[in-house]
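Grab the model and work through a few exercises on helices, hairpins and packing. Try each task before you read its solution.

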Amino acid sequence: MALTFTKKAAGQVGGKAKEAQAETSTSTKAANQSKSNVTSMASWMKKGAAAKEALQHEEAAAELRAQERGKLWRFWMPEGEDRTITFLDGGIDDEGMLDILMYYEHNIRVNGNWEQFVCTAEADQTQPCPICEKGDKPSLVGVMTIIDHSEHKVKNGPNAGKVIKNTRKLFVAKRNTIMQLTKLAAKRGGLTGCTFDVSRVGENSASVGSQFDFQHKFSNRQEIMDKFDLKEEDVMPANYAEEIRYRSPEELIELGVGKAQTGIGHSTSSKKSLSDEL
């Protein structure tokens, strides 16, 4: 019997070839995707020294948040808003200047929030300030204590929904505002006991207000207590040594907000870390 050879249709041959080519292409894509995933994972996964360093930063940041709890809020105003405040300190010295605490401060973003750190350049002249080295320029600021008479509704926590007012806060101002307040203080024999209506005009104006309209001056702290039904501790200036915390260069580096010094004469280990205080 003669052998009969059956030819496959051209379409069938082409179809099988295309299927094989598609399978090869899919396999190649999967391999490339897997390689890409490994590369991507390698860029964000941490282990060993990198993981230890990240953990130290997180522990230091957690300690920072814990230390800030219970401290006075800083007074600030959104653009276009009005507030009424009363100064609890701010005397005038013999040279006609405000007799207040002044220091250099960095204001930088940490995890999306603005945080303030005392510049270490003057306090520790054995090494540069790590935040200065990172490229941030500090500002000269002066600090006073005020009563913010505006109302504030608590949004979170056990006191959510509660309305509070007449809150004692820190008033931290830069040079231009200090000069403005010095002129006002000279007219009133100091700022202590002075109540002002404050407005913030302009997006780039000072966050503590740009216009100060004098309303009244209390002659003593008892008058303030009686007027707003406050306790004695509510009308006293803050303890600035506790409220304005100085952090060493080593602590700033550990927090990840400063640039570490490297090279001959510089140690990579912290003399005293925040984690040592836990």
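Three exercises with worked solutions follow.

The model is predicted, so local features need pLDDT of at least 70 and side-chain atom pairs count only at pLDDT 80 or more, while totals for chains, interfaces and linings use all residues. Residues are numbered from 1 along each chain as its sequence is written, and side-chain values use heavy atoms, with hydrogens and water left out.

**Exercise 1.** Check the span of helix H4 (residues 175-188) and work out which residues of H4 are buried.

Step 1. Helices are DSSP runs of H or I with at least four residues, strands are E runs of at least two, and both are numbered from the N terminus. The expected span is 1.5 Å times one less than the number of residues. For the 14 residues of H4 that gives 20 Å, and the end C-alpha atoms are 20 Å apart, so the two agree.

Step 2. Thr-177, Ile-178, Leu-181, Thr-182 and Ala-185 of H4 are buried (under 20% relative accessible area; exposed is over 50%, partly exposed in between; 1.4 Å probe, protein chains only). Down the axis of H4, these buried residues fall within an arc of 140° (taken from the directions from the helix axis to the C-beta atoms), so they line one face.

Step 3. On the face turned away from that buried side sit the exposed Asn-176, Lys-183, Ala-186 and Lys-187. Right after H4 comes Gly-189, with a positive phi near 70°.

**Exercise 2.** Describe how strands S4 (residues 101-110) and S5 (residues 113-118) pair.

Step 1. Strands pair if DSSP finds at least two bridges between them; S4 and S5 have six, in the antiparallel sense. Glu-105 has Val-118 in S5 as its bridge partner.

Step 2. Now the turn: S4 and S5 make a hairpin with two residues between them, and Asn-111 there has a positive phi of about 55°.

**Exercise 3.** Find how Phe-75 and Phe-171 pair, then do the same for Phe-87 and Phe-196.

Step 1. Rings of Phe, Tyr and Trp (its six-membered ring) pair if their centres lie within 6.5 Å; planes under 30 degrees apart are stacked, over 60 edge-to-face, the rest tilted. The whole structure holds seven aromatic pairs.

Step 2. Phe-75 and Phe-171 are stacked, 6.0 Å centre to centre with 20° between the planes. Both are buried.

Step 3. Phe-87 and Phe-196 are edge-to-face, at 5.9 Å and 85°. Phe-87 is in strand S1 and Phe-196 in strand S10, so this pair ties together parts 109 residues apart in sequence.
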